[in-house]
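This report goes through one structure by topic: the ligand shell, a sheet, some loop residues and the cysteines. The sequence and structure come first.

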Amino acid sequence: MPHPRLPAFSYLRPKTLKEAVGLLHKYGDQSRPFTGGTDCFNLVRDKRIHPKYLVDLKSIEGFREISYDQKKGLTIGATVTLNAMIDHAYVSKNYPVLVEAANEVGGYQLRNRATLVGNLCNASPCGDTIGPCLVYQARVQIIGPEGKRAVDLKDFFEGPGMTCLGKGEIVESISLPMPHPGAEGAYESIGRNKVGDLAIAAITVLGYEKKESPSGYDFLITLTAVAPTVIFADKAQDILRKQPLTQEMLEEAARLCAEACKPIDDIRGSAQYRRDMIQLLALRGLEKTCKHLKVPL
Ligand SMILES: Cc1cc2nc3c(=O)[nH]c(=O)nc-3n(C[C@H](O)[C@H](O)[C@H](O)COP(=O)(O)OP(=O)(O)OC[C@H]3O[C@@H](n4cnc5c(N)ncnc54)[C@H](O)[C@@H]3O)c2cc1C
């Protein structure tokens, strides 16, 4: 079956943020912003969205920048491609779990085009970079007709393909605070193949030493592709904080991760398979993280 052709639309390429916001405000629901376009054009082609105006954000000054500071952490502009982020020495040194997950997005050519911000704004429950950005406690900088605001990434997603962005609002950048000293983590995912398929299930783990925790550690764990949005595994995080860390405790935490899933059956995997994979990936991710943290299990 040949793919349907793209319907007609007007292509707009603003040079300034003010111009972009103005265009999106002026054309409202008839417009759509895009960065890499690797999701957006599929949505248009498949007639899941019907914008008359596609607003390309790639020429906006400053949007292509990665900036960092030992106190404030990292800021990634809206049009920074995944490959630019992956190749950035500061990002790979300090946020290795994000880089690990970004490397799972499609193939190399796609990552030359696709952006981190696009992956987050697409709000797919299987977006690979969402879990790592959540465990690194990212914040989203937003600009729109009413001015600027910032939200925690955990409050950004409202459902599959849905975010808290209002009419005419765009994401300017994502910021990640400095990770806790000595933090270690892992991104474990499974897809139908090793080259660019979306995750059937994935888990992100980030752990670090915390003297005040009864276990001596704190863990953040997110589950991908097993609920309408990427979710935190709260109960698993809790027992790993409260109980001494042993192999049995990691196994119990992995079981709690599987219990937290609300997966669906679809063409890429059954709900039961997804739940089983989450338990397996969680144990793998926790064991790796504990090994790197040198936890005596
Ligand atoms: C062949 C193929 C393989 C893929 N494999 C994977 C994979 O393995 N894992 C994975 O997670 N994804 C995958 N994807 C999906 C996609 O490539 C990623 O989600 C990518 O990161 C999207 O980035 P983008 O810059 O292209 O987004 P775009 O397509 O430009 O935008 C995505 C959505 O976000 C909105 N948007 C973009 N920028 C902004 C902004 N600044 N403010 C407000 N809204 C905005 C757009 O309107 C659109 O709805 C794949 C896609 C293809 C075509």
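## Ligand shell

The shell around the ligand is made of 15 nonpolar, twelve polar and five charged residues. The model is a predicted one. In total, 32 residues surround the ligand, and P33, T38, D39, C40 and T115 are the closest.

Polar atoms of both side chain and backbone approach the ligand's oxygen atoms. In the side chain of R32, an N or O atom is 2.7 Å from an oxygen atom of the ligand. A polar backbone atom of G37 is 2.8 Å from a ligand oxygen, and for a polar backbone atom of G106 the distance to a ligand oxygen is 3.1 Å. On its own the ligand has 990 Å² of accessible area, of which the protein covers 88%. Two or more shell residues come from each of β2 (31-34), α2 (40-45), α7 (116-122) and β10 (170-176). Of the elements, α7 gives the most, with five residues.

## The four-stranded sheet

Four strands form an open sheet in the order β11-β12-β13-β14, and the pairing is antiparallel. The edges are β11 (184-190) and β14 (231-232); each has a single partner strand, so one side of each has no neighbour in the sheet.

Following the order from β11, the strand is joined to β12 (residues 201-209) by seven bridges, and the two run antiparallel. Within this pair, E184 is opposite G207 of β12, and G185 has L206 of β12 as its bridge partner. The next pair, β12 and β13 (residues 217-224), is antiparallel with eight bridges. L206 appears here too, with L220 as its bridge partner in β13. L206 is thus named in a bridge to G185 and in a bridge to L220. The last pair, β13 and β14, is antiparallel over two bridges, and L223 stands opposite I231 of β14.

## Burial of the inner strands

How many residues of β12 are buried? Eight of its nine residues are, and the strand is mostly covered. In β13, eight of the eight residues are buried, so the strand is largely enclosed by the rest of the structure.

In a regular strand, side chains alternate between the two faces of the sheet. From β13, Y217, F219, I221 and L223 point one way. D218, L220, T222 and T224 point the other way. The residues of both sets are all buried, including the charged residue D218.

## Loops and backbone angles

Three residues that are not in the strands or helices named here, or that lie in a hairpin, have a positive phi. K47, which is not a glycine, has a positive phi of about 60°. K47 lies in the loop between α2 and β3 (53-56) and counts as partly exposed because its relative accessibility is 48%. Q137, also a residue other than glycine, has a phi near 60°. Its loop runs between α8 (130-135) and β6 (139-144), and at 45% relative accessibility Q137 is partly exposed. In the hairpin of β13 and β14, where six residues lie between the strands, A225 has a positive phi near 70°.

K167 is in the loop between β9 (162-163) and β10. K167 counts as exposed because its relative accessibility is 64%. K167 and K294 are 127 residues apart along the chain, and their C-alpha atoms are 48 Å apart.

## Cysteines

How many disulfides does the structure hold? The number is zero. C164 is in no disulfide, and the nearest cysteine sulfur, that of C121, is 9.5 Å away. C164 has a relative accessible area of 17% and is buried.

Why is C261 not bonded to C257? The closest cysteine sulfur to that of C261 is the one in C257, and at 7.5 Å it is too far for a bond, since a disulfide needs the two sulfur atoms within 2.5 Å. C261 is buried, with a relative accessibility of 5%.

Notes. Residues numbered from 1 in each chain as written. Predicted model: local features only at pLDDT ≥ 70, side-chain atom pairs only at ≥ 80, totals over all residues. Heavy atoms only, no water. Buried < 20%, exposed > 50% of the residue type's maximum accessible area, 1.4 Å probe, protein only. Near = heavy atom within 4 Å. Polar contact = N/O pair within 3.5 Å; in protein donor to acceptor, adjacent residues only side chain to side chain. Areas by Shrake-Rupley, 256 points an atom, 1.4 Å probe, with all protein chains shown as cover. Pairing = 2+ DSSP bridges.
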